[in-house]
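Hi,

Here's the structure I said I'd pass on to you. Have a look at it first, and then read my notes underneath.

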Amino acid sequence: MKFEHTTLGQRVLFGTGEAVASLAAEVERLGARRVMLVGDEAIAAEVAAKIDVAARCTDVAPHVPVANAERARAQAASSNADLLVSVGGGSTTGLAKAVALTTGLPVVAVPTTYAGSEATNVWGLTEAARKTTGSDDRVLPVTVIYDAALTASLPPELAIASGCNALAHCVDSMWAPRADPINQALAAEGIRALNSGLRQITTADGREQTLYGAYLSAVAFASAGSGLHHKICHVLGGAYNLPHAATHTAVLPYVLAFNSPAAPQAAARIADALGAPDLSSLYTDIGASHVLRGVPDAAEAARLILPSVPPSNPRPVTEADLTALLAAAQAGRNPTEWSRA
Ligand code: NAD
């Protein structure tokens, strides 16, 4: 066995019902005096109930438009912020990361979805329908505070899609460019936890399992990098402004079906963690949709995606393969039958 693996340094506090107290203790521990709170949900004010807030940034928008990032950076400067606290989903964490990228301010992240951005050093910014991403350790939150009670208010459809987005981090980590035995082990345990949690997402136990799985999925993804699935969704999301979690949910079964024959060990490990040969029974049981919406032209999208396909993908990918995959997802065909056709 030979591999090179980097572990990102981050403090993780996990406890249901603990967010308010944990955040107050963490702000104290970090010695912060001027907190800028980032988040547009009512939940942000509730979580920050026991800390002094010098500035509030509610300018959150999907995929972090550059203009919003610049306004937030100006607000951080004018308020002399010394700590960013983000409370919200991936779009909120992403806005705090955009401020950290240019200011170097530390971030404490309190996630309220299963997106996982809080556990990666990846930032993303969007301008003129093009999403740019990069890695920079300055944007990795110094502390993540996980409280499964904060995800209880997610509408069921969004909770399912967000959890499937986490599942996609795990599945893609199995064959991503920097896949190694460590991130594959994290991904396998993530799939196991998400498979269990998503089936009981309306319960406190289910939300805890899903949040735990979401954290593992993000650590695996940050380490393994973007595989075929993430490259497809990244291009689609930027080009057509698609909803992030729902797009990942729809595309994932088709990428799994496409890659599995060329990656039998990864496929076996995924199946073992799922307790099923593929995603079909989980998707049926939890009501997740594998119908891709919002892509006007599969062939055009395939042309846009092809240059981003990782050369290390276990199966060679042609433009025709991508067109067929996207067309099958648009039609909502049975992913397993499609891949055998
Ligand atoms: P989001 O943050 O846009 O949230 C989706 C919707 O859910 C929003 O309307 C939000 O207001 C609402 N919401 C959030 N928490 C809620 C709660 N607890 N109760 C009720 N409503 C709630 O979407 P997301 O899926 O969390 O994140 C997607 C974004 O994160 C994308 O831009 C994606 O690129 C990014 N992302 C980045 C990374 C990374 O490593 N940088 C990883 C994953 C996702």
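**A histidine between two domains**

Let's start with H63, which sits in the loop between β3 (53-57) and α3 (66-78). Keep in mind that you're looking at a predicted model. Is H63 buried or exposed? Its relative accessibility is 13%, and the cut-off for buried is under 20%, so H63 counts as buried.

Who does H63 touch? If you skip its neighbours within four places in sequence, H63 is in contact with S91, G124, L125, T126, K131, G237, N241, L242 and H244. L242 deserves a click: its backbone oxygen lies 3.4 Å from a polar atom of the H63 side chain.

**The two domains**

Now zoom out a bit. The domain assignment splits the protein into domain 1 (11-151) and domain 2 (156-331). The contact between them takes 18 residues from domain 1 and 25 residues from domain 2. If you compare the C-alpha centres of domain 1 and domain 2, they lie 25 Å apart.

How much area is buried between domain 1 and domain 2? It comes to about 1,800 Å², and carbon and sulfur atoms give 68% of that. On the domain 1 side, H63 turns up again: F14, H63 and Y114 lose the most area to domain 2, and together they make up 37% of what that side buries.

What about charges and polar groups across this contact? Between domain 1 and domain 2 the count of salt bridges is zero. There are, however, three residue pairs in polar contact between domain 1 and domain 2, with both residues at pLDDT 80 or more.

Which elements give two or more residues to the side of domain 1 that touches domain 2? They are β1 (11-14) and β7 (130-135). Of the elements, β7 gives the most to that side, with three residues. Sorted by type, the residues on the side of domain 1 that touches domain 2 divide into eight nonpolar, seven polar and three charged.

**Salt bridges elsewhere**

So where should you look for salt bridges? A search of the whole structure finds six salt bridges. Here are some to try in your viewer:

- R71 and D59: their side chains meet at 2.6 Å, N to O. R71 is in helix α3 and D59 is in the loop between β3 and α3, 12 residues apart. Both ends are partly exposed, R71 at 46% relative accessibility and D59 with a relative accessible area of 25%.
- R138 and D136: this salt bridge is 3.0 Å, N to O. R138 has 43% relative accessibility, so it counts as partly exposed.
- D285 and R199: the closest N and O atoms of this salt bridge are 2.5 Å apart. D285 lies in helix α11 (residues 280-286), while R199 lies in the loop between α6 (181-198) and α7 (204-224), so the pair ties together parts that are 86 residues apart in sequence. D285 is exposed, with a relative accessible area of 52%, whereas R199 counts as partly exposed at 38% relative accessibility.

There's also a little group to find: R11, E26 and R29 are joined into one network by salt bridges that share partners.

Try finding H63 first, then follow its contacts, including G237, N241 and H244.

Cheers

How values were computed. Residues are numbered from 1 along each chain as its sequence is written. This is a predicted model: local features need pLDDT of at least 70, side-chain atom pairs count only at pLDDT 80 or more; totals for chains, interfaces and linings use all residues. Side-chain values use heavy atoms; hydrogens and water are left out. Domain bounds come from an automatic or database domain assignment. Contact means heavy atoms within 4.5 Å. Buried area is the accessible area (1.4 Å probe) that two parts lose on being put together, summed over both. A salt bridge is a side-chain nitrogen of Lys or Arg within 4 Å of a carboxyl oxygen of Asp or Glu. A polar contact is a pair of N or O atoms within 3.5 Å; within protein, one must be able to donate a hydrogen and the other to accept it, and residues adjacent in sequence count only if both atoms are side-chain atoms. Helices (H or I, at least four residues) and strands (E, at least two) are DSSP runs, numbered from the N terminus. Ala, Val, Leu, Ile, Met, Phe, Trp, Tyr, Cys and Pro count as nonpolar, Asp, Glu, Lys and Arg as charged, and the others, Gly among them, as polar. Buried means under 20% relative accessible area, exposed over 50%, partly exposed in between (1.4 Å probe, protein chains only).
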